[in-house]
Amino acid sequence: MPDPADKAAALALMPVSRETQARLEAYVDLLRQWQAVTNLVAPSTLPTLWTRHIADSLQLLDLAPNAKTFADLGSGGGFPGIVLACVLADRPGARIDLVERNAKKAAFLREALRITGGAGEVHHRDIVDYVDSCTDPVDCVTARALAPLHQLLGFAEPLVRNGAKALFLKGQDVESELTEATKYWTIKSALHPSRTGGDGCVVEVTGIVRRNIAATGGAR
């Protein structure tokens, strides 16, 4: 069952409009329904879903306050993609592309957008195919619990090269991931401690240059 205190704590940490809160509540209800038949989040995190997943996703908006167009890679159960789409619904001209190759999860994402009215579009395809065919400008590219950092950089590099900022939600192993990533990439980055506590952080990347094409080929 949802914990009202967890929801209150999340919204105190990351306040949203009443309209956005209503969208998020509809999304959470839908996620709980689908969770019974499709594994969208770790079951152990359901009691703290609002702080663990909703607030964690919302914090990205403060790092890209003027962004209108987003690409969320490997959207899965909708974090951060659907959460951002719920907020962006109040922002004229905004949209988020939700990229997900798993058919069941893509179906869930479409239903989540339908019931929330979120400003998004689901792309049921591989990430590389999406990135290679992306012709519309993207202000910000996001990912959460998708892949090691060096692989994320490979996915995002064409979008960042064209002007996008990348925001990747990472856990306690971020330093080792950064060390590994610098073997393959020269990056311009900053680390922001997670506002939801714990050892998590957001990796902000504004520049990506290949060090070794042969070595990084597998990253994409």
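UniProt positions are given here in the numbering of this structure, and the annotations behind them may be inferred rather than shown by experiment. With that in mind, a good place to start in this predicted model is the feature "binding site", which an unreviewed UniProt entry places at Gly-74, Phe-79 and Arg-144. These residues span 71 residues in sequence, yet no two of their C-alpha atoms are more than 9.2 Å apart, so they gather at one spot. Gly-74, Phe-79 and Arg-144 also belong to the lining of the largest pocket.

Two of these positions can be followed in detail. Gly-74 is found in the loop between strand E1 (69-73) and H5. Its relative accessibility is 16%, and Gly-74 counts as buried because the cut-off is under 20%. Leaving aside neighbours within four places in sequence, Gly-74 is in contact with Val-99, Glu-100, Ile-127 and Leu-146.

Phe-79 lies in the loop between E1 and H5, and at 5% relative accessibility Phe-79 counts as buried. With neighbours within four places in sequence again set aside, the contacts of Phe-79 include Tyr-27, Leu-31, Ile-54 and Asp-72. Arg-144, another residue of the annotated set, is in contact with Phe-79 as well.

Phe-79 also leads into the interior of the protein. In the largest nonpolar core, which has 44 residues, Phe-79 is listed with Tyr-27, Leu-31, Ile-54, Leu-58, Phe-70 and Ile-82 as the residues that touch the most other members. Among the elements that give two or more residues to this core are helix H2 (18-35), helix H3 (49-58), helix H5 (81-88), strand E2 (95-99) and helix H6 (103-116). The largest share, seven residues, comes from H5. Ile-82 is in contact with Tyr-27, Leu-98, Leu-109, Ala-112 and Leu-113, leaving aside its neighbours within four places in sequence. Apart from this core lies another, of 30 residues, among them Ala-143, Phe-155, Val-174 and Ile-208.

Not every buried residue discussed here is nonpolar, and Asp-97 is a helpful example. Asp-97 has its place in strand E2 and is buried, with a relative accessible area of 4%. Its side chain makes a polar contact with the side chain of His-123, at 3.2 Å. Beyond neighbours within four places in sequence, Asp-97 is in contact with Phe-70, Ala-71, Asp-72, Glu-121, His-123 and Tyr-130. Asp-72 is thus a contact of Asp-97 and also of Phe-79.

How values were computed: Residues are numbered from 1 along each chain as its sequence is written. This is a predicted model: local features need pLDDT of at least 70, side-chain atom pairs count only at pLDDT 80 or more; totals for chains, interfaces and linings use all residues. Side-chain values use heavy atoms; hydrogens and water are left out. A nonpolar core is a set of buried Ala, Val, Leu, Ile, Met, Phe, Trp, Tyr and Cys residues joined through side-chain atoms within 4.5 Å. Buried means under 20% relative accessible area, exposed over 50%, partly exposed in between (1.4 Å probe, protein chains only). Helices (H or I, at least four residues) and strands (E, at least two) are DSSP runs, numbered from the N terminus. Contact means heavy atoms within 4.5 Å. On a 1 Å grid over the protein atoms alone, a cavity is a set of points where a 1.4 Å probe fits but cannot get out, and a pocket is an open set with protein on both sides within 12 Å along at least five of seven lines; lining residues have an atom within 4 Å of a point. A polar contact is a pair of N or O atoms within 3.5 Å; within protein, one must be able to donate a hydrogen and the other to accept it, and residues adjacent in sequence count only if both atoms are side-chain atoms.
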